[in-house]
Structures are given as C-alpha cells and as structure tokens.
Amino acid sequence: RWDVLPFVCWMIFVFAGCAITNPSVMALKNGYSVNNQAPHSSSNNKIRLSDKIKVESQPAGAMFGSKASGRGGTGAGSSSAMENERSFAKDQASKVHSGRAASSRPAKRAPPEYGYHTFVASRSSGGTNTDTNSKSSDSQLNLARREAVRQAFKHAWTGYETHAFGHDEVRPTTNETNDSWGGFGITLFDSLDTMLLMGLDDEYERALGHVRTINFNKDYDASFFETAIRYLGGLLGAHALRPDPILVEKARDLGERLLLGFHSTHFGLPQSVINLETGASHNHNWNGGYSILAEVGSIQLEFAYLSYITKDNRFYNTARKVFSLYESLESPFGGMFPVYIDADNGGWGRRGIHVTMGGLADSFYEYLLKLYLLTGMKDRRVLGMYNRAVDSMIGNLVLRTPDDTTAYLAEFKDGELRREMEHLSCFVPGMLALGAKSFDTGKNKNYNPSKALTPEEAELSAKSESHMK
C-alpha cells in the first residue's frame, strides 16, 4: 500500500519547514547544517510560551534591501456596510467574553517539571541513569526512529515510482494513477526536499529528471494555495538544500504565473483558483466567493525565498502586502481574524464570523512567526501580529475540560463558542514552542520576558517539549 506517501511527505515537510525558516537560511550556500542540541533542564531555560516581544512602532526592517510594507491605506474602513458588519461581529464576540468570568479560570499553578533528562529518565527501564547514559540511550533511540521513518518513506516512494512516476498521485488499492492537481507530479515535487534530507540521492536525481521536463504553461485551473506550497515550495525547498539553476528557473516561471493572481482583486488578495496559462482567477463557489484566511496568508514564505534567490523583490513585496492589509483591519477578536474576507471591500462577509486555529485559518498564524524568522528577525510588524494572535487565542479559545486535566482549543462559529477541537489545530503547541525557543536564543535583543506561564500555556509547553524529543 502506497497511501502513506502523502502523509510521510507532509510530516517531513513540516520538520523541513522549521529548519528552512531558521534565520541562518539566508546564509546558506552549499549543504545544510543542523545542530541537534538537547534543551537544558534548568529553570532559567524552560520555554516560556507567554514571553512576548514588545512591538516597536517603527516600520519593519528592510528585507532584500527594501522596506516591508506598512499599514495599507486602503480606505476599506470608510464603507458603511462594512462598518455594520464589523459592529455585528463585535456584538457576537462580546457574547464570548461575557460568558467567561474571571472566577471560572482555574488558579495558577506552578509549571510542571520537564526537560531532556526528565524525559529520558521516564523511558528508562531501570538502573543508574547518568547524563552520559541518558544521552547515549536517547541518541540510539533517535537513530532507530530516524531510520524507521526513512524506510517508511522509501517503501511509499518505491510504490509511487513504480506505478505512478510523474503523475500526481497513485491510488493505493488499485495502483492506478490520478492527475487531479494539474498532472505535473505533485507527489514528486512535494518529495524533493524530503529525499535530500534523507540522503536518497539516486531517487532525487531521477525525480529531478522529471522536473526538467515540466512546462507549467498549461490551460489548467489550479489551486493557488496548493500550487504555491507544494509545487513552488517543493522547488524552493530542494534548492535551499542543494542549489540548482533548473530549480530556480522552474520556480521563477511558476512564481510569475501565480503573481498574476494578486492583481485580480481590489486589495491584492490572491483568489483561490488561477489558470496557469491565462492568469484568470476566481474564488470558490462553495463559500460564497470569499477569500480564505489560510489561503491568502500561507504563501509569504515561498514568495519571500523566491525573491531572495532571484533578487526580484516583486514576489516578496506583493505577498507581504496581504499581511499589511490584515494588520490594518479591525477584527472582532483582536489579533485573530475570521476565516472569510470579502476581497472587494475588506469586510468579513455575510457567512457569519468563524474564528479558529483549525482548518481555513491554521497556517496563516504559523506563517506570521516563520516569516519573522525568515527575515532574520527584522520584520517586527509581522512579529507583532503573531504576538497579538497568540494573546487573542489564549484569551478567547483556550479552554479546559470539566475535570480540569486537559487544555484544548475551541472555536467561535455561528455566534457561539464551540467546545470542540479539530485535528488541524494540533500544530499549535509546536508553533508556540518554535516561537518561544527562537525568542530565547539571545539573538533577539528585544526579548523581554513579561509574565509567568498560565496553566494552559504550561500544559501546552510541556506537551510540546515532550513530543519534540
């Protein structure tokens, strides 16, 4: 069965993304270097999810020699219709706050003890567990896990290469092919950086041979979002690990085609579907024709890196303006935004306010943090958006189970707070851990711890620390 390939590729893509968005990526020349250092267990070095960096009022630092876009003077707020929508949205949001009295919040308690050595000790079957033995045991376990993942990928890749090489997907029960993503080979493109990370050079060279034959000039209505993160992202991820002119050539061609999608709306929001040959674009019909938060806000990393390797600022500047637009809008939930937006007037639409960390929104918030890291911690405006989003999430969506044992993320929809957490929200602890660890490196001179962990943050932090080992 080869149906595990997309899942394996996705998992590796997540870890690769965390590595690539490290500020040191800007200094990459040849190869990739990863330092696997164990986190310290002393109290002075524990992750503090609530540690915030105060955002300066000055514009963001320059990237690629040009300033990042500031607040957009769109004039969207002058629309009386839109003001009515926002007023209605605020009324909805106020219902959430009014039902959450301070007395219902559990008393603060000390963060749980956790750390590298504590985690290793909990796995030990007995005997003396010295630091040396702990590190050795952990290293051996990680090597075994790494090889297991590598073999799982090779198994899945062999099935794809045998039965569907060059096609988008292989059907797992019949070994037939499926080309519902343009027929360029989306599985192959999405696996390029994975093969390099795993040292599968022979498989990579065969895949690169297919990439050389691809022409994106096709009369095909493509998903803007999927094309950007999988085709364009696959090319860029591979180039970051092993620079190759053909990868830059294909990425630039595809980027030029996607760039047309930003020019079809008043506020420069890319629409969901774009024809790769003509540049014509439109939004989905199933959601009333509105633009989707995760789609318009999960392309900035790819366009930023494309600008870096091509020395063409148009890609980054165009994509970055999307964040500037959202920064200028007033949301009923503060730093978090409804999943739908009217691309013509900047309003939140008539489908009702839906605020979540799950599907239709998730990666928007992840990209805020990672764009800050990718720019070498210079874009303080986007960092401010991330911090405000985390504050809003904790204040509005973090709840606890009735027995007070588990924290979870609810969502606001159809005028009420829904006490349920979907699986696409499960990335949040990792995002928070990445942010907290990045701020705690000492590289950011503005780092200034401001408050102690809340119980919810402590729990999310502890789980993140454990699952990262």
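Mentor: In this predicted model, a salt bridge is a side-chain nitrogen of Lys or Arg that lies within 4 Å of a carboxyl oxygen of Asp or Glu.

Trainee: By this rule, to how many salt bridges does the count come?

Mentor: Each pair has to bring a side-chain nitrogen of Lys or Arg within 4 Å of a carboxyl oxygen of Asp or Glu. When the rule is applied to the protein, the count of salt bridges comes to 16.

Trainee: Which parts of the protein does the salt bridge between R252 and D312 tie together?

Mentor: The closest N and O atoms of R252 and D312 are 3.8 Å apart, and the two residues form a salt bridge. The pair ties together parts that are 60 residues apart in sequence, because R252 belongs to helix α8 (residues 245–259), whereas D312 sits in the loop between α10 (300–310) and α11.

Trainee: Is D312 buried or exposed?

Mentor: The cut-off needed here is that a residue is called buried when its relative accessible area is under 20%. Its salt-bridge partner R252 has 32% relative accessibility and counts as partly exposed. For D312 the relative accessible area is 14%, so this residue is buried.

Trainee: How far apart are the closest N and O atoms in the salt bridge of R257 with D253?

Mentor: R257 and D253 both lie in helix α8, where they are 4 residues apart, which is about one turn of the helix. R257 counts as buried at 15% relative accessibility, while D253, at 27%, counts as partly exposed. In the salt bridge that they form, the closest N and O atoms are apart by 3.3 Å.

Trainee: Which residue forms a salt bridge with D404?

Mentor: D404 is partly exposed, with a relative accessible area of 32%. The partner counts as buried at 11% relative accessibility. The closest N and O atoms of the pair are 2.6 Å apart, and the residue that bridges to D404 is R400.

Trainee: Which residues do salt bridges that share partners join into one network?

Mentor: We have already met R252 and D312 as a salt-bridged pair. Through salt bridges that share partners, one network is formed, and its members are R252, E256, D312 and R314.

Trainee: Which residues does T318 touch, not counting residues up to four places away in sequence?

Mentor: T318 is found in helix α11, which covers residues 314–328. With 16% relative accessibility, T318 counts as buried. Once residues up to four places away in sequence are left out, those touched by T318 are L259 and F262.

Note on methods
Residues are numbered from 1 along each chain as its sequence is written. This is a predicted model: local features need pLDDT of at least 70, side-chain atom pairs count only at pLDDT 80 or more; totals for chains, interfaces and linings use all residues. Side-chain values use heavy atoms; hydrogens and water are left out. Helices (H or I, at least four residues) and strands (E, at least two) are DSSP runs, numbered from the N terminus. Buried means under 20% relative accessible area, exposed over 50%, partly exposed in between (1.4 Å probe, protein chains only). Contact means heavy atoms within 4.5 Å.
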